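Trainee: Can we walk through this one together?
Mentor: Sure, here it is.

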Amino acid sequence: MDIRYLKGVGEKRAAQLTRLGIRTVDDLLGFYPRDYVDYSHPYPVAGAPYDVKCVVRATVYGKNGGARIRGGRQMAKATAGDDTAGLILTYFNNPYALQKLEVGREYLFFGKVGGTFTAREMVNPVMLTVESAAASPLVPVYPQTEGVSSAYLAKCVRAAFAAAPDIEEPLPAALIEKYRLCGKAEALQKIHFPQSRQDVQAARRRLIFEELLALQLGLLLLRGREAAHTGAPMRPADLSPFWNALPFAPTGAQRRAAQEILADLGKKTPMNRLLQGDVGSGKTLVAAAGVYAAARATRACSWPPPRF
């Protein structure tokens, strides 16, 4: 389904999502989070690490109505805290965030704790109710673009699950059972909205397995198609003149590698070979022997060969 027709998207949002490579509902479900914010182990205010993103549990004590500051920006503040210390919550150009807070209610705040040790502060923290955190302790963090926040993407993914309740299972049941994988629908649900780190690991294992399997099958299919095509078998070539023209004697390994390449070039299927060796082992020389043989086969090589 085109992403434009998903609930809460529309033409403008669809154009923004396109910048992330999301054009269909399937694209959205395959747009995995890059990280998660874990709300299951919040810090007390006094124990929160300084200038590091973390989750703090605090009760809102009061809030002001906001004010305009230099540069035309709007600033609003709220006071919060717990039994260990107080916390100032400062919001810039986000009056709705302050409106959502209820005085006397406990919340979980995600952001950097700054200020001083006697007057701790969080600027523009992400807020989550204690009940929401208990229901979904791991909140996904998606790659973002201008106009599209991680929270909005999570909302779209929920709508996508509602719009596409039946997700096709591409893997056979025997393969899923053999490797103890979770189903595709379960994996997508767990990768987007996990309940624990174990959910994330199980989802990633299943999705990575599927991607690697598809890649391997694609390579085998491509290799089969190449092998099915008739190649241009090269006539056998005598490398003795090439070896004799060298100012040194080639090693046995170099001779064997060159002969194996010539044997492949003489087959009716295209050569698929990797020449591997340490630095200075003579890979270029072996490749040059192959080039010489190919040139001789097309009668394009002058005789006698040039001296090296």
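Trainee: Which element gives the most to the lining of the largest pocket?
Mentor: This is a predicted model, with local features needing pLDDT of at least 70, side-chain atom pairs 80 or more, and totals for chains, interfaces and linings using all residues. The largest pocket (an open set of 1 Å grid points that fit a 1.4 Å probe, with protein on both sides within 12 Å along at least five of seven lines) has 35 lining residues, with Y39, V126, M127, V139 and A151 nearest its centre. Strands 1, 6, 8 and 9 and helices 3 and 5 each give two or more. With six residues, the top contributor is helix 5.

Trainee: What volume does the largest pocket have?
Mentor: Its lining (residues with an atom within 4 Å of a point) has 20 nonpolar, eight polar and seven charged residues. The volume, meaning space filled by probe spheres, is about 1,200 Å³.

Trainee: And which element supplies the largest share of the lining of the second largest pocket?
Mentor: That pocket holds about 240 Å³, and D26, L29, I167, K184 and L188 lie nearest its centre among 13 lining residues. Helix 2, helix 7 and helix 8 each supply at least two. The largest share, three residues, is from helix 8.

Trainee: How are helix 10 and helix 11 oriented to each other?
Mentor: Helix 10 spans residues 252–265 and helix 11 residues 283–297, with axes 9 Å apart. They pack at an angle of about 40 degrees. The pair is therefore oblique.

Trainee: Which residues of helix 11 does helix 10 meet?
Mentor: From helix 10 come Q254, A257, A258, I261 and L262 (contact means heavy atoms within 4.5 Å). Across from them in helix 11 sit L285, V286, A289, G290 and A293.

Key: Residues numbered from 1 in each chain as written. Heavy atoms only, no water. Axes fitted to C-alpha atoms, helices over the stretch in contact; angles between N-to-C directions. Helix = DSSP H or I, 4+ residues; strand = E, 2+ residues; numbered from the N terminus. Parallel < 35°, antiparallel > 145°, perpendicular 65-115°, else oblique. Nonpolar A, V, L, I, M, F, W, Y, C, P; charged D, E, K, R; others polar.
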